[in-house]
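Visitor: Could you take me through one part of this protein slowly? I would like a close look at the space enclosed inside.

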Amino acid sequence: PGAAARGDGVRTVPLKRIVGINLHTLPETTEPSFEFRYVDIGAVGRGHLLSEPEAAVFAAAPSRARRLVRQGDTIISTVRTYLRAVWPVRDSTTDLVVSTGFAVLTPTGSIDPRYLGWLVQSDVVVEEVVARSVGVSYPAINPSDIGTVRVPLPSLANQRAIADYLDRETARIDALIEKYERLEELLRRRLDARISQATCALWVGMGGPLPSDWRALPLRRCFDGVDYGIGERSEPSGRIAVLGMGNVEPRRVVGEPNGYVELLDDRLLLLPGDLLFNRTNSLALVGKVAIWFGSDQPMTFASYLVRLRTSSNADPRYLNYLLNTDEVLALARAMALPSIGQANLNPNRYGSLRIPLPPLSAQRRLARELEVEENKTEALAAKLQMQVLLLAEHRQALITAAVTGELEVPGVAA
């Protein structure tokens, strides 16, 4: 199919008429010692990188590390297209390789490279790619099918004016988004500092005097029960929901159950106030603790977790705050033993950690005060997150409106 005119006079063309698709590939004869920077699907967001390219050597690189990209190219995911992963390559590069899960679009002389980058980020292309993808759990599209997507193609002069406008306006929006995200980070840091101060968490690493009515004791003396989770969690007909290590975030349980089982031992059912301790994870994540507040369905926990049930001298809500402070987590992780790809923190070793503990009444009072502060912080953070979401939606709408001609862009000739 050739070019067609829209009602406003801007012609539309299939992408394949104005870009080359996957023009450059690393051959199998590439020198094994060839070094490059590699970008996989998970590293790309909508219009930007989520993480920096990884250094790689051809001999040890994944077999999907084959697509060569150059400055001016735009990449778009052809697998897991619901991720809407698009990235225009703005900087000069000679060593950048991306996964074969991307289609690499190389502009011809009829399209400005910057305009191409904005065009492919727009709903005109991205939503059409998602709609044409085949598959439920792993939707994908052939690169050749992307080439048939029709796109608006104004004159080169107008393309450059649109690109200039979007460069400028999105930079302003991105600056606001960064500001709101920074404010949220500062809010959370302030809360963490308040929790550390209220629980005397600094004492765990530094020692020194405690308030007169506080005492220091091994963590194990705060618990009456330490129970390991179950191994099986995949019975389709099970009636008991299972929490896994992915459900444990510092201070709270998140997400949906990790599976279901037909539990035989009711002693492994969670009760409100139980603490879940993540004994196995990456070193950066092991040692997290979350409190269980209860639910309307019976719940147990998987083998990578340990349940800690507090004794009469400890308030679980207070310990939930103390054990998730940076100071306690740092020492806990120093106790962890490395394993293949993960770290293991034995509950007995963890229990030897000496902690500062005020009287029970003070624990309960401090827990109430910290809950109030945490709720205020979460409410403010939610408002900031909503602003970020609205700005991101506005940014996307602006890109689509500019490339489709729905928005009057300064410098664009009629």
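Guide: Here is a walk around the largest cavity and the residues that line it. This is a predicted model, in which local features need pLDDT of at least 70 and side-chain atom pairs count only at pLDDT 80 or more, while totals for chains, interfaces and linings use all residues. Residues are numbered from 1 along each chain as its sequence is written, and side-chain values use heavy atoms, with hydrogens and water left out.

Let's begin with the idea behind the search. Rolling a probe the size of a water molecule over the atoms shows where empty space is left. On a 1 Å grid over the protein atoms alone, a cavity is a set of points where a 1.4 Å probe fits but cannot get out. Points are joined across faces, edges and corners, and the volume is the space filled by probe spheres set on them.

By this rule, one cavity of 30 Å³ or more is counted. The largest cavity holds about 40 Å³ of space.

Now for the walls. Lining residues have an atom within 4 Å of a point, and here they are Ile76, Ser77, Thr81, Arg84, Ala85, Val126, Val129 and Val130. Five of the lining residues are nonpolar, two are polar and one is charged. In this grouping, Ala, Val, Leu, Ile, Met, Phe, Trp, Tyr, Cys and Pro count as nonpolar, Asp, Glu, Lys and Arg as charged, and the others, Gly among them, as polar.

Strand β7 (74-77) and helix α2 (123-132) each supply at least two lining residues. Helix α2 gives the most, with three. Helices (H or I, at least four residues) and strands (E, at least two) are DSSP runs, numbered from the N terminus.

How values were computed: On a 1 Å grid over the protein atoms alone, a cavity is a set of points where a 1.4 Å probe fits but cannot get out, and a pocket is an open set with protein on both sides within 12 Å along at least five of seven lines; lining residues have an atom within 4 Å of a point.
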